[in-house]
Amino acid sequence: REPIYRETFRYTLQGLCMMPLFYYAINKADHIFFSWLNWGWMRKLGVYSYGMYLIHYVVIGILQQHTWFDSKIILLGTTLALSILFAYIVDEYVDNSFKGLRAKYR
């Protein structure tokens, strides 16, 4: 497909299709299908998710260039682990310093 499609319409369509899921996950948090999203480690992963999203493609590129393994499973696991580590560092050391500033200026 064309890059314009991939960078615009596809993500818009994905977001629109996920809206009902987000709605029910928030409004029906006690339901069996969504209650696991409120487990402590899942909520923390939700906090980390944007940082993981930002870095995952870079991590994949670096790993594919500089590692010996060709297994997609190992690539997935390593990318996931490194992305979570990156998001943790950003949350712990970058975001926390800005949280204080945010509270100060509210």
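For the charge tally here, Lys and Arg count as positive and Asp and Glu as negative, with His and the chain ends left out. On that basis, the protein chain carries 11 positive and 7 negative side chains. Keep in mind that this is a predicted model. It's an all-in-order α-α-α run from the N terminus, with 3 helices and 0 strands.

**Overall shape**
- The protein chain has a radius of gyration of 17 Å, whereas a compact globule of 106 residues would come in near 13 Å.
- Along the principal axes, the C-alpha atoms take up a box of roughly 45 × 35 × 30 Å.

**Burial, surface and contacts**
- Just 15% of the 106 residues in the protein chain are buried.
- The accessible surface adds up to about 9,100 Å², and carbon and sulfur atoms own 67% of that.
- Take the contacts between residues at least 6 apart in sequence: 42% of them join residues at least 24 apart.

**Charge**
- The centre of the positive set and the centre of the negative set sit 6 Å apart.

**A look at tyrosine 48**
- Tyrosine 48 belongs to helix H2, which covers residues 40-66.
- Tyrosine 48 counts as buried because its relative accessibility is 10%, and the cut-off for buried is under 20%.
- Leaving aside residues up to four places away in sequence, tyrosine 48 touches Ile84, Ala87, Tyr88 and Asp91.
- Leucine 63 is 15 residues from tyrosine 48 in sequence, and their C-alpha atoms are 21 Å apart in space.

How values were computed. Residues numbered from 1 in each chain as written. Predicted model: local features only at pLDDT ≥ 70, side-chain atom pairs only at ≥ 80, totals over all residues. Heavy atoms only, no water. Helix = DSSP H or I, 4+ residues; strand = E, 2+ residues; numbered from the N terminus. Rg over C-alpha atoms; globule rule 2.2 N^0.38 Å. Buried < 20%, exposed > 50% of the residue type's maximum accessible area, 1.4 Å probe, protein only. Contact = heavy atoms within 4.5 Å. Areas by Shrake-Rupley, 256 points an atom, 1.4 Å probe, with all protein chains shown as cover. Charge placed at Lys NZ, Arg CZ, Asp CG, Glu CD.
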